[in-house]
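Work through the exercises below with the sequence and the model at hand. Each task is followed by a solution in steps.

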Amino acid sequence: MNRGMNNVWSLVLVSAIIYGALAILMGVVPGMVLSRTPPTVGSQPYTAQEERGRDIYVSEGCEYCHTQNVRPLKQDEVFGRPSTAGDYAYDTPELLGDHRNGPDLTNIGGRQPSKIWQYIHLWEPRSVVHGSIMPRYTWLFAVKPKADPGDEVVPIPSGFGPTKGVVVTTTQSRDLVSYLESLKQVSLTKRTGK
Amino acid sequence: MKSASLAIRDNAEPEDVALFSSFITSATFWLLFTTAVGLLLSFKFPYPDWATSPFLSFGRLRAIHTNGTFYGWASIALSGTAIYVAARTSGIGVSNKWLAWLSLACYNLAAICGTITLDLGINYGDQEYREWVWWVKIIFLLGVLLSGLAIVQTVANRVEREIYISNWYTIGGFVFTPILAIVAIIPAYQVGLGQVAVQGFYMHNAVGMWFTFLALGITYYALPKLLNRPIYSYALGVLGFWTNLVFYPVIGAHHFEFSPLPWWFQTLAIVFSVGMLVPVWAGTANFALTMRARGETVRRSYALPFIVVGVAYYFLGSTQGTVEAFRSLQTIWHFTSFTIGHSHATMYGFITFIAWGGIYALLPRATGKQPSLLATGLHFWFATIGVTAYVIALSIGGTIQGLAWAAGNPFIASVDAAAPFWVARAVAGSLMFLAHIIFAYNVYLMTLAPGPESDHWEPPKRGKAATA
Ligand code: HEM
């Protein structure tokens, strides 16, 4: 058996061919085929602002604690209907995730429509959910001595805000929350046909 | 302090020794740094409001921990050892040493750039183990190609007739990984769900076709060497090689069970996850039978206890992976901390312990400098108790988490229920980190510390040189 493999270059070549073939079969071809999945009827591409918010979600690594993948299981019913292939057509990089230290966010825009709640929660999760282990994202906000006209002031619960001044939203927090708001599942039965 | 078997010194070329030492010191630095990060992460579970600057936030540091342990620590340690093993089994020095030096530079550069970019929030997506941006991945890929070339050339110039089984595995790892990296880097066919399919493929192949192959290669060399007895069965080793090669690439989709990936694709992954029992059990049996009735030798050795634990976790962690792949159990365990336990059983219990075993087995023979017996014992016990407590805590905690979801409790109930187990993990992690500091001290003793004796290397006679 090993006699034929005593030339190191044939070992290299044979294993490269076998693995290369498997990589095409199990990686490249599924990738190519599934990349063509058409979007779920009624779903919309992200707006520029939502796209920017999505980039923040990716760079802050929210996916390490949050899935966007509702399974057809009873325990996932609270998060929405089971996800389907077309739900991910606009999602590159994909954010399905492998870990649920926090809840699934596939349909968070539908489940938690309050922008104000999202801002307060991002500033300090423990101000709204005691016992949360989610990090706070205070750097997505600005602290000012006094709100200027046009500023969106975040009503931080007492004890969780800065000792002086007010917390206002920034482009970053507005982008991220607009992305979270956009996370709404489209119904599979109702067609948004014209 | 010095036992007879440890005083043996390889007749290795001084530059090969310097090369091996440099790889291991680099790797040790990355182990210390990235597990300090891991430790900080584990304390962020009980203390989320601790170290809250963006550069120390959970989402950024987690990718630094995983990519750093993979590509800084494990890859550099295993590549350096594999190069040294290739030279020893070939009966010659490393053929093109500059290739290996350049490779080490690439590995380190990639790990530095990767760490910095991730900390700035620049990544390819939160896709595990390929978060580095494309140009960092290419620097790393270059490192793999250069190390691989150094090994293949050395083996090609060997004076021994047969390619030793350990080189089958290492060369395999160095051939598969560039192919895998290219599949993962090319963006053209990775849109939406298509990227999910590639991610499943990539994630499992990175551990299965790279770390597993290198670690098995090192075990196939170190075990017979330390026991002074041939490997139990060459045929089992070859069987393990081919079955690993054919089964492993198919199991990736088991990370996305119940997702919208085609159902048959997931089923195929589950079937082959069961098939993985063949190479795992063949390998374990081969190692166990090689060690049979040598308990006394194991106890006296610095390196063998690490290899015994490594082989035990190879068996346990991989078998656990097969069990986890069944749909009935995935409904409970998937997405919970149970899977974090699995990752550490395999990447720590198996891969990291084998790397340590290989280092303690070969580095003293290369440099002629011994580690401290006491320090080695402490390293071994802290790391073994630490990782075992880590895995047990998260296996229980993860199961409770999954059951809380199945019971339909509010989400935060699962967080509260898992909290004590996350604290236990942080305690276990502290013990592991302590072990790494002790290991670093031993690496210092084996490399940079002033040596007890002068170099006694003599160039081998031309022609058929003796294997070291
Ligand atoms: C002091 C030792 C270590 C500690 C305290 C530690 C801690 C952690 C923590 C807290 C996480 C994140 C868990 C989560 O997201 O819920 C993690 C993830 C991970 N660590 Fe470690 N770690 C250590 C050593 C290592 C080593 C040496 C390796 C590999 C060689 C490693 C590989 C990983 C991997 C692969 C993951 C991701 C697991 C997954 O996503 O399934 N760790 N570690």
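Rings of Phe, Tyr and Trp (its six-membered ring) pair if their centres lie within 6.5 Å; planes under 30 degrees apart count as stacked, over 60 as edge-to-face and the rest as tilted. By this rule, ring pairs link A:Y19, B:W168, B:Y169, B:F176, B:F213, B:Y220, B:F241, B:W242 and B:F287 into a cluster.

The model is predicted: local features need pLDDT of at least 70 and side-chain atom pairs count only at pLDDT 80 or more, while totals for chains, interfaces and linings use all residues. Residues are numbered from 1 along each chain as its sequence is written, chains are lettered from A and ligands numbered from 1 in the order in which they are written, and side-chain values use heavy atoms, with hydrogens and water left out.

**Exercise 1. Describe the overall build of chain B.**

Step 1. Count the secondary structure, where helices (H or I, at least four residues) and strands (E, at least two) are DSSP runs numbered from the N terminus. Chain B has 15 helices and zero strands.

Step 2. Compare the radius of gyration, taken over C-alpha atoms, with the globule rule of 2.2 Å times the number of residues to the power 0.38. For 468 residues a compact globule would have a value near 23 Å, and the 22 Å of chain B agrees. The C-alpha trace spans about 70 × 45 × 45 Å along its principal axes.

Step 3. Look at burial: buried means under 20% relative accessible area, exposed over 50%, partly exposed in between (1.4 Å probe, protein chains only). Of the 468 residues in chain B, 67% count as buried.

Step 4. Look at contacts (heavy atoms within 4.5 Å). Among those in chain B with a separation of 6 or more, 84% come from residues 24 or more positions apart.

**Exercise 2. Find which residues coordinate the iron atom of the ligand, and place them in the chain.**

Step 1. Donors are N, O and S atoms within 2.8 Å of the metal (3.2 Å for Na, K and Ca); water is not among the atoms, so sites may look incomplete. B:H65 and B:H344 each coordinate the iron through NE2, at 2.0 to 2.1 Å.

Step 2. B:H65 lies in helix 2 (residues 58-90) and B:H344 in helix 13 (residues 338-367) of chain B, so the pair ties together parts 279 residues apart in sequence.

Step 3. Both B:H65 and B:H344 are buried.

**Exercise 3. Classify the ring pairs that involve B:F380 and B:F306 or B:W381.**

Step 1. The whole structure holds 49 aromatic pairs over all chains. In one of them, the rings of B:F306 and B:F380 have centres 5.2 Å apart and planes at 85°, so this pair is edge-to-face.

Step 2. The pair links distant parts of the chain, with B:F306 in helix 11 (residues 304-325) and B:F380 in helix 14 (residues 373-406) of chain B, 74 residues apart.

Step 3. B:F380 also forms an edge-to-face pair with B:W381, at 5.0 Å centre to centre and 80° between the planes.

Step 4. B:F380 is buried at 11% relative accessible area, whereas B:W381 is exposed at 51%.

**Exercise 4. Is B:A253 buried or exposed, and what does B:A253 touch?**

Step 1. B:A253 sits in the loop between helix 7 (234-247) and helix 8 (263-275) of chain B.

Step 2. Its relative accessibility is 7%, so B:A253 counts as buried.

Step 3. Not counting residues up to four places away in sequence, B:A253 touches B:L261, B:F265, B:Q266 and B:A269.
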